[in-house]
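User: I would like a close look at one part of this structure. Please pick a single helix, tell me which of its residues are covered, and then show me how the rest of the chain is built.

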Amino acid sequence: MNQENENENEEEIVNANEKIIGRGTWLDKVAEDLVEREKKLGRSLSLIRVESGLGASGIPHVGSIGDAVRAYGVRQALKDVGYNSELIAYSDDMDGLRKVPVGLPEWLNDYIAHPVSKIPDPFGCHSSYGAHMSSILTDGLDKLSVEYKFQSGAEAYRKGLLANQVVKILENSRLIGEKISEMLGQTKFEDVLPYYPVCGSCGRIYVAEAYRYEREEKKVLYRCRGAEIAHKKIEGCGHEGEADVTKDQGKLSWKSEFAARWAALDIRFEAYGKDIADSVKVNDWIAEAVLNYPPPFHVKYEMFLDKSGKKISKSLGNVFTPQAWLTYGTPQSLLLLMYKRIAGTRNLSVEDIPTYMDEYDALEDVYFGKVKEENPAKLRKTKGLYEYINHLNPPKAPSIHASYRLIAQIASVAPKEGRTDYVIERLKSYRAIKEADEAFREKVRLAANWADEFSKTTEKTKVELTPVERIAVAQIVDFIRKTPKAEAETIQNVIFEAAKTNSIPPTDLFRAMYRILIGTNRGPRLGTYIVDIGTERAADSLSEQLDQ
RNA sequence: GGGCCUGUGGCUCAGCCAGGUCAGAGCGGCUGGCUCUUAACCAGCACGCCGUGGGUUCAAAUCCCACCAGGCCCGCCA
């Protein structure tokens, strides 16, 4: 098989099927549409910025990181076709704390409505609550080798990065208020400015209502009259004051802030979840009509839901952090989840990690030609997906593969000591692998973590034994104790003998043994396993059961 | 009130976004192999009018329309 021919073939295929864009993934499609649009708009293409918001008010979950990962994917696709591009990760740390996430200390309730960048870090390791939350996301991005430029929202206001846009928006607040009413039926901003000052007295945001804009002084006048936040009435402190809108004395409402960001930072692409679709619609209009900046190209995506169909929510407590995923799966498996497709809702849980782990291996098989894919379009797409997962720098050789569930299953019954080696030895004896390298050992560790947490073996219950089964088990224990050095095969036969002498179907006795030793109805070859975990320990577990 | 997603063998789902060996996978079930009887592995079998009805096309699970059934988001919180 020679490289040149292969390339020629690919050329032909592409010519024959013009519809395949770039590497055939949705990222390529987005990048192409985006560039086409920019060309029509006649903007400079010397640097195409893409943006992702980083929530800072709750515990970030896989969905939050997905936004950034996908934006990065688009950046990669842009670079792939020769455009300079960067990802801005913008932390919404000027936002107020609306609700204390489940599991965090009670005292945070005293900080409701305070900007999260001003709240102490309950974990004590970062400069603020907001910094801590954002760091969970950026840490996740780092682990995924996603490159980005971090921008703190609070800092953006402090430095006046958005000042020009804030001023323009406030100067046109009447028009904006009317438009919001027209577009969404929300009349609030006909009466109130789309700006939330931080109350100079109580330090809270959202509770102070900005009722007038002083054009010359670039100030809003406000009174702290309270607000309803997350369906809870929050009392104001009654303070009246003014805020300099060119400083960090407040922030724009979401219905106008994106527009300011896009214009100020020259953002050309931003994806968004359907939950903020309305805000994006308004912001697009503001960007265009008020700020004279054509809004970025968008892609809308569905939420990640949990298995019960609930939105994975920062405050609901069903959070599924990127770190949690990475406890059980490789970075590649998480990137696969994000890059595979963007359309459609996905009900997600850690139970899905094995599937994504194995699917990555399957992609790799196709990429390296171990598995043939006849359909050229599919081949290209599959390879493209694999390449994006590897940040367009795929490995030179395939990794060692073995079914994740198989690894997990073996790990779940492996002795605690030398567990990784045990699993690898078993896999070799099954001829599932020939050898193991460090990357594979890591995979074993991940699968072992998964097994510990989710494998059914964890549901160890009391085992009900029939009288004859008790006798049989007692005989087995007796044998093991007398001959602790017995061979695996011998023990295996003793179990069959015990079944026969007591007229128990072997299947039943084995099931009982498995339930006692591993907690499952099935398991590895028992003789071998008993030797592996140590005859003494096996005998102890068995007799312990008999004593009950 | 507005918007979106999903509906594929017993179960869980992939495929749909750029129509054509796509009717698939895993689990479960069944049969057989691995020197008998447990795991794993291997070979094979069964099970589907791809929600319903129209339309576009040489060709539709895939595109369009309508409808039915689930679910999600937004509705003056952000």
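Analyst: Start with helix 15 (residues 404-413), where Tyr404, Ile407, Ala408, Ile410, Ala411, Ser412 and Val413 are buried. Keep in mind that this is a predicted model. Helix 15 is mostly covered, with 7 of its 10 residues buried. Buried here means under 20% relative accessible area. The domain assignment of chain A lists domain 2 as 404-454, alongside domain 1 (165-252) and domain 3 (467-547). The centres of domain 1 and domain 2, taken over C-alpha atoms, are 57 Å apart.

Now step back to the whole chain. Chain A contains 22 helices and 14 strands. Its C-alpha trace spans about 100 × 65 × 35 Å along the principal axes. Chain A has 548 residues, and 52% of them count as buried. Take the contacts between residues at least 6 apart in sequence: 69% of these join residues at least 24 apart. About 25,900 Å² of chain A is exposed, and carbon and sulfur atoms supply 47% of that area. Chain A carries 76 positive and 82 negative charges, and the mean positions of the two sets lie 2 Å apart.

Next, look inside. In soluble globular proteins, nonpolar side chains tend to be buried together. In this model, the largest nonpolar core has 102 residues, and Phe269 and Leu509 have the most contacts inside it. Helix 3 (residues 62-80) gives this core its largest share, 9 residues. Domain 2 (404-454) and domain 3 (467-547) each supply at least three residues to this core. A second, separate core has 63 residues, including Ile59, Val116, Phe189 and Leu252.

Zoom in on Phe269. Beyond residues up to four places away in sequence, Phe269 touches Val30, Leu34, Arg49, Val50, Glu51, Ala71, Val74, Pro296, Phe297, His298 and Val299. Arg268 sits in strand 11 (residues 267-273). Is Arg268 buried or exposed? Its relative accessible area is 4%, so Arg268 is buried. Leaving aside neighbours within four places in sequence, the contacts of Arg268 include Glu38, Arg43, Ser44, Tyr293 and Pro296. Leu34, Arg49 and Phe297 are also among the contacts of Arg268, and these three appear among the residues that Phe269 touches.

Another covered residue is Ala163, in helix 6 (residues 163-171). Ala163 has a relative accessible area of 13%, so it is buried. Asp244 is 81 residues away from Ala163 along the chain, yet their C-alpha atoms are separated by 9.9 Å.

Finally, check the backbone in two loops. Most residues other than glycine have a negative phi. Ala230 has a positive phi of about 50°, although it is not a glycine. Ala230 lies in the loop between strand 7 (227-229) and strand 8 (232-234). Its relative accessibility is 29%, so Ala230 counts as partly exposed. Asn292 also has a positive phi, of about 55°, and is not a glycine. Its loop runs between helix 10 (277-290) and strand 12 (297-301). How does Asn292 count, buried or exposed? At 65% relative accessibility, Asn292 counts as exposed.

Notes:
Residues numbered from 1 in each chain as written. Chains lettered and ligands numbered in written order. Predicted model: local features only at pLDDT ≥ 70, side-chain atom pairs only at ≥ 80, totals over all residues. Heavy atoms only, no water. Domains from an automatic or database assignment. Helix = DSSP H or I, 4+ residues; strand = E, 2+ residues; numbered from the N terminus. Buried < 20%, exposed > 50% of the residue type's maximum accessible area, 1.4 Å probe, protein only. Contact = heavy atoms within 4.5 Å. Areas by Shrake-Rupley, 256 points an atom, 1.4 Å probe, with all protein chains shown as cover. Lys, Arg positive; Asp, Glu negative; His and termini not counted. Charge placed at Lys NZ, Arg CZ, Asp CG, Glu CD. Core = buried A, V, L, I, M, F, W, Y, C linked by side-chain atoms within 4.5 Å.
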